[in-house]
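User: I should like to learn how to read the features of a protein model, one at a time. Please give the general idea where there is one, and then the case at hand.

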Amino acid sequence: MTDTGSPAPALTEDERPGSSRGHGRVGYGFYGRWTPLALGLVLIATLLAIGVYDQRRGPASDPPVRPLAFGTLAPDVAVTLLDGRQLNLADLRGNIIVLNFWASWCEPCRSESPLLQEIAAAGEIAGRPVRVVGIGLKADTDEDARTFVQEFGLTYPIGRDTGGSAGPFGPIQLAFQIPDRYPATVFIDEHGSIVAVHTGELTRPILEAYIERMPA
């Protein structure tokens with residue numbers, strides 16, 4: 001009698017074609033051997049998508065890296081004010097300039113606006129002439145910016161940083177290399193040099209300390 005050998009072991013539930021046991025677990029079930037390949041393809045597709053997104057953003061969409069070095073001459077930018085007049089920063093030479101970058105949706109910007117109006121109305125701190133200039137961000141809207149100005153009764157020169165190349169940052173913000181954090185305030189001395197850049201809400205002690213520490 002010929003020995004036919006031991007019978008082949010029965011397939012387990014996980015090994016049977018069409019088995020749903022282990023479904024959803026990596027490496028289990030009939031299709032488990034394809035899982036590493038599938039994960040690899042998903043990872044590659046994700047990395048390619050990120051690369052395409054970064055290329056679409058382009059350099060025009062990247063925020064400025066850091067403010068200009070202290071002691072450098074401030075760019076002589078021209079600000080088109082909300083009333084249509086044009087203001088050149090160089091025309092304010094001989095005054096300390098408080099150049100404030102703001103947006104209507106920025107809560108710290110709203111909180112510091114009454115202080116900036118007080119300083120602008122006084123026109124001086126510690127006997128030194130001070131001029132406040134507001135720069136509304138390009139990412140804002142003209143309607144919201146005007147509503148903001150009216151709400152707080154702001155009378156100092158204010159314009160919006162529009163124009164320039166595509167992207168959320170206007171030419172004035174790019175010229176001063178202001179980081180993507182608001183509010184941001186540039187302090188320029190009477191000689192036209194940048195002496196400090198403050199990001200975040202200004203308070204009276206902070207603002208006065210910046211000005212009082214400026215060399216005459």
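User: In what order do the elements of the chain run from the N terminus on?

Analyst: This is a predicted model. From the N terminus, the order of the elements is α-β-β-β-α-β-β-α-β-α-β-β-α. The chain has 5 helices and 8 strands.

User: What share of the residues in the chain is buried?

Analyst: Of the 216 residues in the chain, 37% are buried. As for contacts with a separation of 6 or more, 67% of them are accounted for by residues 24 or more positions apart.

User: Let us turn to the strands. Which strands pair with β5, and is each pairing parallel or antiparallel?

Analyst: Strand β5 covers residues 128–136. Strand β3 (residues 96–102) runs parallel to β5 and is joined to it by 7 bridges. Strand β6 (residues 158–160) also pairs with β5 in the parallel sense, over 3 bridges. Strand β4 (residues 124–125), by contrast, pairs with β5 in the antiparallel sense, over 2 bridges.

User: Which residues stand opposite each other in these pairings?

Analyst: I97 stands opposite R131 in β5. For β4, the residue E124 is opposite P129 in β5. On the β6 side, G136 is opposite R160.

User: How many residues lie between the strands in the hairpin of β4 and β5, and what phi does A126 take?

Analyst: There are 2 residues between the strands of this hairpin, and A126 takes a positive phi near 55°. Another hairpin is formed by β7 and β8, with 5 residues between them. In the turn of that hairpin, G192 has a positive phi of about 90°. Strand β7 (residues 184–188) and strand β8 (residues 194–199) pair in the antiparallel sense over 5 bridges, and V186 stands opposite V197 in β8.

User: Why can β5 be described as largely enclosed by the rest of the structure?

Analyst: The description rests on burial: 7 of the 9 residues of β5 are buried, so the strand is largely enclosed by the rest of the structure. V132, which lies in β5, may serve as an example. Its relative accessibility is 2%, so V132 counts as buried, the cut-off being under 20%.

User: Which residues is V132 in contact with, leaving aside its neighbours within four places in sequence?

Analyst: V132 is in contact with V98, L116, I119, A120, Y156 and P157. For Y156, the C-alpha atom is separated from that of V132 by 6.2 Å, although the two residues are 24 apart along the chain.

User: Next, the helices. How do α2 and α3 pack?

Analyst: Two packed helices are described by the angle between their axes and the distance between the axes. Here helix α2 (residues 107–122) and helix α3 (residues 142–152) pack at an angle of about 40°, and their axes are 10 Å apart. The two helices are therefore oblique to each other. The crossing of α2 past α3 is right-handed.

User: Which residues of α2 and α3 meet?

Analyst: From α2, the residues C109, R110, S113 and P114 meet F148, E151 and F152 in α3.

User: C109 leads to the next feature. How many disulfides does the structure hold, and which residues does a disulfide join?

Analyst: A disulfide is a covalent bond between the sulfur atoms of two cysteines. The structure holds 1 disulfide, which joins C106 to C109 with an S to S distance of 2.4 Å. The torsion about the S-S bond of C106 and C109 is about 80°, so the disulfide is right-handed.

User: Are C106 and C109 buried or exposed?

Analyst: C106 has 5% relative accessibility, so it counts as buried. C109 has 1% relative accessibility and therefore counts as buried.

User: Finally, where is the place of S104, and which residues does S104 touch?

Analyst: S104 is in the loop between β3 and α2. Not counting residues up to four places away in sequence, S104 touches R110, D140, D144, A145 and F148. The C-alpha atoms of S104 and D144 are 6.1 Å apart in space, with the residues 40 apart in sequence. At 12% relative accessibility, S104 counts as buried. R110 and F148 have already appeared, among the residues where α2 and α3 meet.

Definitions and conventions:
Residues numbered from 1 in each chain as written. Predicted model: local features only at pLDDT ≥ 70, side-chain atom pairs only at ≥ 80, totals over all residues. Heavy atoms only, no water. Disulfide = S-S within 2.5 Å. Buried < 20%, exposed > 50% of the residue type's maximum accessible area, 1.4 Å probe, protein only. Pairing = 2+ DSSP bridges. Helix = DSSP H or I, 4+ residues; strand = E, 2+ residues; numbered from the N terminus. Axes fitted to C-alpha atoms, helices over the stretch in contact; angles between N-to-C directions. Parallel < 35°, antiparallel > 145°, perpendicular 65-115°, else oblique. Left-handed = near helix turned anticlockwise from the far one by under 90°. Contact = heavy atoms within 4.5 Å.
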